[in-house]
Amino acid sequence: RGRPRPACADGGGDAAARPLRFDPSEYRAPRAVAEDMLRSLALAFALSLGTSFAAAQSITSFGPGDELTFVRDVVPAPGGGLYVAGRTLGRFTPGETTGLPGDAFVVRLDAAGQIVWARQWGDRRHQAATALALDGDELLVAVAENGNGDRLFRGVPAYGTAILRLGSDGSERGHFPVDALVHDIALGSGGRVAVCGRKVELQRGTVDFHLAVHERDGRRRWLHTERSRRSDESCRAVAWRGERVVASGWVSAPRGEVPRTRLTRAASVHDDAQLGVEPMSRPMLTAAFDARRGRRLWARVWRGGDHRPHGLDVGADGTVWVAAQVDRTWTAPNRWNASLVAYGPDGRHLHTTHREVGDQARGFDAVQARDDGALWMISPRFGYMNPRQTALGIPAANRIGLIAVSRDGRARLVGESEAFRRAGGFALVGGQAQLVGVGCVGQRCSALVERWPLATAAEPTAKE
């Protein structure tokens, strides 16, 4: 402290005139540093020997990765492999990376977790492959372009998205533009595509909830938008079941109030006071629509907390499962829950399962419906950080958790992993849950696939 800072590489500024400043938020106790070192050594040992963590059966590396690589979606590929999409500063294809703020990428992995082919798109703006969907032998990829300037794909506006169609060999078969930043997509019959995201209007200074259904050729069939007086809305997750489209996102309102938008005026409201969740300014909106005409079927508002839904799926019985991370309190911010909310086919709130994740949210939680309930992946940005146990029995550590939740809300731990810096999704392949994300040892990172047999789940806990 107080010592002169070394001169910058570009020679700018007077190094002696800029003393180092101590930031208390960056201080870490020696014990915490030692524990991180031990975890890093354990991860390095596991990667070098091909061993696994917790309930995992195997773990493999399939790409360079880096500290800013984010896996955004995972879907099964024919033949037992996976399709993986996200954003990276690394390089999955030959050539030089475009650097900050990152490139969009899609890779196809075989059953052994090795790359079959890879595609990467980028320039000096922010690109990310945010969502995937399978349409026969074609893969649909949402590539969002967050910025102004020249576009990578013809017809895509500023702050827009290209919905690409790729062949099984990775070749491009065309695309259509969407005038919104798309976070999720879902496929319906006849090649129709539901897109869910946020519409950015720079001149107006507005950000709107954007949900639309497009025909196979890209023509928009219907559009639903939500805008409040605060204009901070976003659609984050969507699923398609039969002729019903279900979407979830957030809307904004003064603290503790229900937003006044087209959907929320007629929506039913539920709170979860028993979870210690206080009313805040970003309620979660979940709604079901008729896929043909866009007519609203039902809408629900979860008023408590500051919500960021990340995953949504609809079971064969019509149960809607929404995975979200929730800032629970206004008086003590950054007290996050990872929550799984279940709604009936008619929109009735069934139950909420939760896990405290401390002060590190904005991960990429995911959920997949099954006949007996749902599988739920909790992936905070830097793993579990809260030192307290919960009813789920997950020890506090830098871990990713996979939890099975029954139809009546009982939860059981399937497995947990220390291999990931962050996970971005999972897929069910051949009786396994295959988690995909990025693991790091120091500054060295790698994209990983970890496989968990689902038959080794722990005993159910009591209903929360």
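**An open four-stranded sheet and the largest pocket**

In this predicted model, four strands form an open sheet in the order 10-11-12-13 with antiparallel pairing, where strands are DSSP runs (E, at least two residues) numbered from the N terminus and two strands pair if DSSP finds at least two bridges between them. Strand 10 and strand 13 (220–226) are the edge strands, each pairing on one side only, and the twist from one strand to the next averages 20°, the angles running from 0 to 180 degrees between N-to-C directions of axes fitted as lines to C-alpha atoms. Strand 10 is joined to the antiparallel strand 11 (residues 193–201) by six bridges, and Ala-186 stands opposite Ala-194 in strand 11.

Residues are numbered from 1 along each chain as its sequence is written. Local features need pLDDT of at least 70 and side-chain atom pairs count only at pLDDT 80 or more, whereas totals for chains, interfaces and linings use all residues, and side-chain values use heavy atoms, with hydrogens and water left out.

The largest pocket (on a 1 Å grid over the protein atoms alone, an open set of points where a 1.4 Å probe fits, with protein on both sides within 12 Å along at least five of seven lines) has a volume of about 980 Å³, taken as the space filled by probe spheres set on the points, which are joined across faces, edges and corners. Of its 35 lining residues, the closest to the centre are Asp-73, Val-75, Leu-132, Asp-184 and Leu-312, lining residues having an atom within 4 Å of a point. Strand 10 (181–187) is among the strands that each supply at least two residues of this lining, to which strand 18 gives the most, with six residues.
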